[in-house]
Amino acid sequence: MRSDPALPIVLVPVGTDEDALDACLAALDAGTPAGTRVWLADNAQAGPRGVALIEGWLARTRLQAAHTRRAAPLGEAAHMDEALRACADADVAVLASDAAPAPGWLERAAECLARDPAIASATPWSNAGEAAAWPRIGEIATLEYPSPLLAQACALLPPVHPELPAAVGHAVLLRGRARVQAGGLDAASYRSWYAALIDLSLRMAGLGGRNVLCETAFVLRAAEGAPREGDMDALCARWPAWHARIAHCLMDDPQRALRTRLGEELAQLARLPPQADLFAGAS
């Protein structure tokens with residue numbers, strides 16, 4: 001099975017939540033084009049059941065997937081830096097192993113990068129996505145909409161790709177050249193992927209890159225990422241305006257109109273007959 005060279009590599013840092021990992025892999029397989037390159041990078045986190053889940057999934061997936069496992073764990077940021085450096089300057093979509101992407105997520109994110117060469121990172125909507133959260137910014141919500149309906153509604157939004165304060169860790173597509181130009185992750189200063197990703201985003205922005213919302217894609221997650229001890233102090237020391245910037249974004253909600261539009265599209269689709277999608281586009 002050949003991979004599509006136009007699509008980025010999907011990097012999934014394997015976590016310890018086996019049920020969430022199982023759901024993530026099922027959603028990834030269902031919502032991602034066959035042959036997509038997927039790397040399950042295991043920082044010695046998965047237990048015996050997790051390894052068995054991965055092996056079973058690898059045996060049946062339509063994706064071009066591989067699993068590597070370290071003999072001993074590194075710090076989270078250091079492990080992510082190691083994995084991203086192994087991808088050289090390729091574009092990489094990092095998907096949290098407790099996230100569940102809606103259909104079309106990777107194609108929409110790749111289209112986002114293709115629309116503007118200045119885009120360094122593209123973050124889809126999420127119900128636990130901080131500045132990229134839907135239906136309310138900065139809140140975690142339990143959604144009753146099925147994943148395909150979320151994807152269908154997102155696809156109806158205009159692809160304007162507004163700025164975010166930084167990329168968010170539920171799922172983010174990183175442009176390889178921008179990541180390499182910025183020097184990659186700073187695993188010496190940060191312990192968590194959460195903080196290292198924010199720092200990388202801000203460095204890419206300082207070099208002229210854009211960190212944007214990919215409003216045409218959605219990735220579900222049960223909880224947000226979190227920094228490790230000392231990470232926020234390190235961020236504040238390097239980026240003293242960061243806290244004020246994210247606070248203003250959460251208070252002002254510059255994407256309120258887009259959030260409202262997505263809710264309206266979902267409400268309209270939810271009222272359609274179950275088979276209506278079969279006739280979409282018919283004249």
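Begin by selecting Pro158 in this predicted model, and then add Glu215 and Arg261 to the selection, since these are the residues that Pro158 contacts once its neighbours within four places in sequence are left aside. If you follow the chain around Pro158, you will find that this residue lies in the loop that runs between α5 (147–155) and β7 (171–174). Switch on the surface here and ask how Pro158 should be classed: buried, partly exposed or exposed? With a relative accessibility of 32%, Pro158 counts as partly exposed. Next, draw a distance between the C-alpha atoms of Pro158 and Glu215, which comes to 8.0 Å although 57 residues separate the two along the chain.

Now move on to the cysteines. Select Cys24, which is buried because its relative accessibility is 0%, and then look for the closest cysteine sulfur, which belongs to Cys87 and lies 16 Å from the sulfur of Cys24. A disulfide needs two cysteine sulfur atoms within 2.5 Å, so the sulfur of Cys24 is too far from that of Cys87 for a bond. Select Cys249 in turn, which is also buried, at a relative accessible area of 10%; the closest cysteine sulfur is in Cys236, at 16 Å, and this again is too far for a bond. By this rule, the count of disulfides is zero.

Finally, colour the chain by pLDDT, which averages 94 over the protein, with 94% of the residues scoring at least 70. Then select residues 275–283, where the pLDDT is below 50 and where the stretch has one contact in the model beyond near neighbours in sequence. Where pLDDT is low, the predicted coordinates should not be read in detail.

How values were computed:
Residues numbered from 1 in each chain as written. Predicted model: local features only at pLDDT ≥ 70, side-chain atom pairs only at ≥ 80, totals over all residues. Heavy atoms only, no water. Buried < 20%, exposed > 50% of the residue type's maximum accessible area, 1.4 Å probe, protein only. Helix = DSSP H or I, 4+ residues; strand = E, 2+ residues; numbered from the N terminus. Contact = heavy atoms within 4.5 Å. pLDDT = per-residue confidence, 0-100.
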